[in-house]
Amino acid sequence: MTNGLSTTSTANCWRQDIRNCIWEMYMKAKYYDILSDFYDTRFDGQYASDNEYRDLAKLKRAIDKSIFHLKLSQNGHKKTLLIRYTLNKINVLIRSTPEKTRKIKRLLDQVKGWIEKNADAYSSLRRDYCLSAAWYYTLSNPCKETAEEYCRLGMQITRKICPTELEFIDRIAIPYANMMAEFSDLDQAKEILLAYVRSCSAYPAMLPYIRKKMDLFGYLLEVCYFAGNPEDCRKVIAYIEHERALNQEYELQTDIPEEIREFVSTNPENKNTNIY
């Protein structure tokens with residue numbers, strides 16, 4: 001009996017050790033995911049500026065470790081998290097080493113297969129996959145038609161799952177405009193941004209929408225500047241200053257770069273244009 005009890009006790013201890021080890025793997029995966037977010041925030045999208053403060057190797061290592069430890073865990077949300085962590089890796093690769101097309105495409109296909117088996121038709125996972133694929137066809141393997149196709153699909157999904165227009169703008173509208181700017185289709189980028197400036201204007205008394213409209217004006221100003229259109233720049237600056245005057249109590253801040261002010265001031269005014 002003693003030997004039997006001892007054997008049972010040992011087996012229970014082993015089972016507990018295994019459970020602890022599996023839980024530890026999950027917690028390590030979460031830790032490295034948080035760490036990768038920290039490193040990613042330091043880059044602020046500027047992946048070419050790799051230095052001691054912005055260490056791309058540390059960022060990639062943290063993402064790889066989050067995926068490695070998650071695969072060893074048995075958490076109930078393992079597959080969902082694995083999709084998210086792999087999408088994180090894809091997004092960093094697209095922005096830091098877009099020339100690695102085969103590796104990125106292989107990971108995208110892998111994630112697509114997981115999503116087909118584990119995600120609803122309208123889910124944030126499918127939306128995020130669409131955005132990653134759209135960026136792949138923008139920066140890694142440029143194809144404007146395919147990138148737009150994924151953007152439109154992402155918009156359909158986002159409309160179904162987004163609780164507010166603000167989230168829709170952040171999640172899909174601004175990235176879509178950025179992609180069109182990458183393809184040098186500045187007219188389409190301008191149209192997208194203007195459409196959501198109008199959407200925000202439908203909520204004139206709500207501060208979050210007022211702030212978001214100012215953000216959109218800032219993006220729009222950059223697009224008009226890169227398009228070489230001083231009149232549109234002048235109009236956008238006028239709208240920014242009008243919104244500031246209209247909402248003085250909120251102290252709205254939208255910086256107008258000095259080079260854009262100089263660009264506008266050195267070009268004659270044509271009062272026959274209207275951007276809005």
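Here are some questions and answers about a predicted model, each setting a value against its cut-off.

Q: Why is Asp55 called partly exposed?
A: Its relative accessibility is 22%. Buried would need a value under 20%, and exposed a value over 50%. Asp55 at 22% lies in between, so it counts as partly exposed.

Q: Where is Asp55 found?
A: Look in the loop between helix H1 (2-43) and helix H2 (56-72). Tyr39 is 16 residues away along the chain, and the C-alpha atoms of Asp55 and Tyr39 are separated by 7.4 Å.

Q: What makes the approach of the Asp55 side chain to Ala57 a polar contact?
A: The side chain of Asp55 reaches the backbone nitrogen of Ala57 at 3.1 Å. The cut-off for such a pair of N or O atoms is 3.5 Å, so 3.1 Å falls within it. The backbone nitrogen of Lys58 also fits, because it lies 3.2 Å from a polar atom of the Asp55 side chain.

Q: How do you know that the buried residues of helix H11 are on the same side?
A: Helix H11 (residues 258-265) has Ile260, Phe263 and Val264 as its buried residues. They cover an arc of only 95 degrees around the axis, so they sit on the same side of H11. The face turned away from that buried side carries the exposed residues Glu258, Glu262 and Ser265.

Q: What covers the buried residues of H11?
A: The cover includes helix H9 (207-226) and helix H10 (230-246).

Q: Why is there no disulfide between Cys224 and Cys233?
A: The closest cysteine sulfur to that of Cys224 is in Cys233, at 5.3 Å. A disulfide needs the two sulfur atoms within 2.5 Å, so this pair is too far for a bond. Seen from Cys233, the closest cysteine sulfur is the one in Cys224. By this rule the count comes to zero disulfides.

Q: Are Cys224 and Cys233 buried or exposed, and what makes them so?
A: Both count as buried, because Cys224 has 1% relative accessibility and Cys233 has 0%, against a cut-off of under 20%.

Q: Why is Arg234 called buried?
A: Arg234 is found in helix H10. Its relative accessibility is 17%, which is under 20%, so Arg234 counts as buried.

Q: What makes the approach of the Arg234 side chain to Asn267 a polar contact?
A: The Arg234 side chain reaches the backbone oxygen of Asn267 at 2.8 Å. Because that value is within 3.5 Å, the pair meets the distance cut-off.

Key
Residues are numbered from 1 along each chain as its sequence is written. This is a predicted model: local features need pLDDT of at least 70, side-chain atom pairs count only at pLDDT 80 or more; totals for chains, interfaces and linings use all residues. Side-chain values use heavy atoms; hydrogens and water are left out. Helices (H or I, at least four residues) and strands (E, at least two) are DSSP runs, numbered from the N terminus. Buried means under 20% relative accessible area, exposed over 50%, partly exposed in between (1.4 Å probe, protein chains only). A polar contact is a pair of N or O atoms within 3.5 Å; within protein, one must be able to donate a hydrogen and the other to accept it, and residues adjacent in sequence count only if both atoms are side-chain atoms. The arc is that of the directions from the helix axis to the C-beta atoms. Contact means heavy atoms within 4.5 Å.
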